[in-house]
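Visitor: I would like a close look at one part of this chain. Please take the small open sheet and its surroundings, then place it against the rest.

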Amino acid sequence: MGTPRAKGKAAVAILATAALTASLCASTGAETVVKGPAKVIVSGSLAPKALPRKGTAPVSVSLAGKISATGRGPLPQLRKISFAINSHGHLDLQGLPVCRVGHIQPSSNQEAIEACGSSLIGTGNFAANVKLPEQTPFPSRGKMLAFNGRLRGRPAIFAHVYGTVPASISYVLPFQVSHAKGTFGTVLEANLPSIAGEWGHITQVAMTLGRTYRSHGQTHSYFTAGCPAPKGFSGAPFPLVRASFEFAGGLTLSTTLNRHCKVSG
């Protein structure tokens, strides 16, 4: 998987790219869904916005969900998160190193990068209201590092969460990666039964995914996409992601984020 120094350089480059993408996309619109006791605010973006009409180019995809109570009864625990990404975006894992959960759980951010830096594909953040026995729930926030992995023999994203305030927390949230036919071709899905029980209520999940890497002398990109606008048009609207949040008791909140791409050149 390479030397620690090489891993560190690769990790720094990916984190810098993710941070730049997040800053460029900070002003993108969000969709709010309210149902019963739950409210979810979903945001997402694709960078860059200018893409080839034919073929694809490397991109970064930013996805986020913020969960809160409406005051109409207690907020049920979140059980499943799903992000289905537009089929015009393509996932390339060829030659990308794979991280093992046992190498990053438990660990700090630095320890996780030292162990799986060559598998790093993005970064983000995580928040929850933590419940401890005989104590009032308190907010906890952590940085998220996303690593390429495999779960039950299938592609996955291991979202490594680490926070130190107000208490040290280390956890790996696995997103299973699958493919589907139709408008949304890449599906990222995480089940949360145990983490919700330990941490109380998850209140935010956000991550930016995207990196380029070399394998067997060729350059690859984790995500690529194009802007298939009709001839004569400089851009086109498209549904970027379909997000779904399932709560205990059967409550589900879903929404679709629509964005606009420009034809490059």
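Guide: What follows starts at the small sheet, moves outward to the longer strands, and ends with the whole chain. Bear in mind that this is a predicted model.

Start with the sheet itself. Three strands make up an open sheet in the order E4-E16-E7, and their pairing is antiparallel. E4 (57–58) and E7 (89–91) are the edge strands, each pairing on one side only. E4 and E16 run antiparallel and are joined by two bridges. In one of the pairings, Pro58 has Thr224 of E16 as its bridge partner.

Now look at Thr224. Its strand, E16, covers residues 223–225. Is Thr224 buried or exposed? Thr224 has a relative accessible area of 15%. The cut-off for buried is under 20%, so Thr224 counts as buried. Which residues does Thr224 touch, beyond those up to four places away in sequence? One group is Thr56, Ala57, Pro58 and Val59. The others are His88, Gly89 and His90. Of these, Pro58 is also the bridge partner of Thr224.

Pro58 leads on to another proline. Pro48 sits in the loop between strand E2 (38–47) and strand E3 (50–51). Leaving aside neighbours within four places in sequence, Pro48 is in contact with Pro58 and Val59. Pro48 and Val59 are eleven residues apart along the chain, and their C-alpha atoms are separated by 6.2 Å. The relative accessible area of Pro48 is 42%. Buried requires under 20% and exposed requires over 50%, so Pro48 is partly exposed.

Next, the strands elsewhere. Strand E6 (residues 78–86) pairs with strand E17 (residues 235–247) in the antiparallel sense, over seven bridges. Within that pairing, Ala84 stands opposite Arg242 of E17. E17 also pairs with strand E18 (residues 252–263), again antiparallel, over eleven bridges. Here Phe238 faces Arg259 in E18. The E17 and E18 strands form a hairpin with four residues between them. In that turn, Gly249 has a positive phi of about 95°.

A second hairpin is built from E11 and E12. Strand E11 (residues 169–179) is mostly covered, with eight of its eleven residues buried. E11 pairs with strand E12 (residues 184–191) in the antiparallel sense over four bridges. His179 has Thr186 in E12 as its bridge partner. Four residues lie between the strands of this hairpin, and Gly182 takes a positive phi near 110°.

Finally, the chain as a whole. The protein chain has four helices and 18 strands. Of its 265 residues, 50% count as buried. Take contacts between residues at least 6 apart in sequence: 66% of them join residues at least 24 apart. About 12,600 Å² is exposed, and carbon and sulfur atoms supply 55% of that.

How far can the coordinates be read? The mean pLDDT of the chain is 86, and 82% of the residues reach 70 or more. Residues 1–27 have pLDDT below 50, yet this stretch has 34 contacts in the model beyond near neighbours in sequence. Where pLDDT is low, predicted coordinates should not be read in detail.

Terms used: Residues are numbered from 1 along each chain as its sequence is written. This is a predicted model: local features need pLDDT of at least 70, side-chain atom pairs count only at pLDDT 80 or more; totals for chains, interfaces and linings use all residues. Side-chain values use heavy atoms; hydrogens and water are left out. Buried means under 20% relative accessible area, exposed over 50%, partly exposed in between (1.4 Å probe, protein chains only). Two strands pair if DSSP finds at least two bridges between them. Contact means heavy atoms within 4.5 Å. pLDDT is the predictor's confidence in each residue, from 0 to 100. Accessible areas come from the Shrake-Rupley method with a 1.4 Å probe; for residues, only the protein chains shown count as cover.
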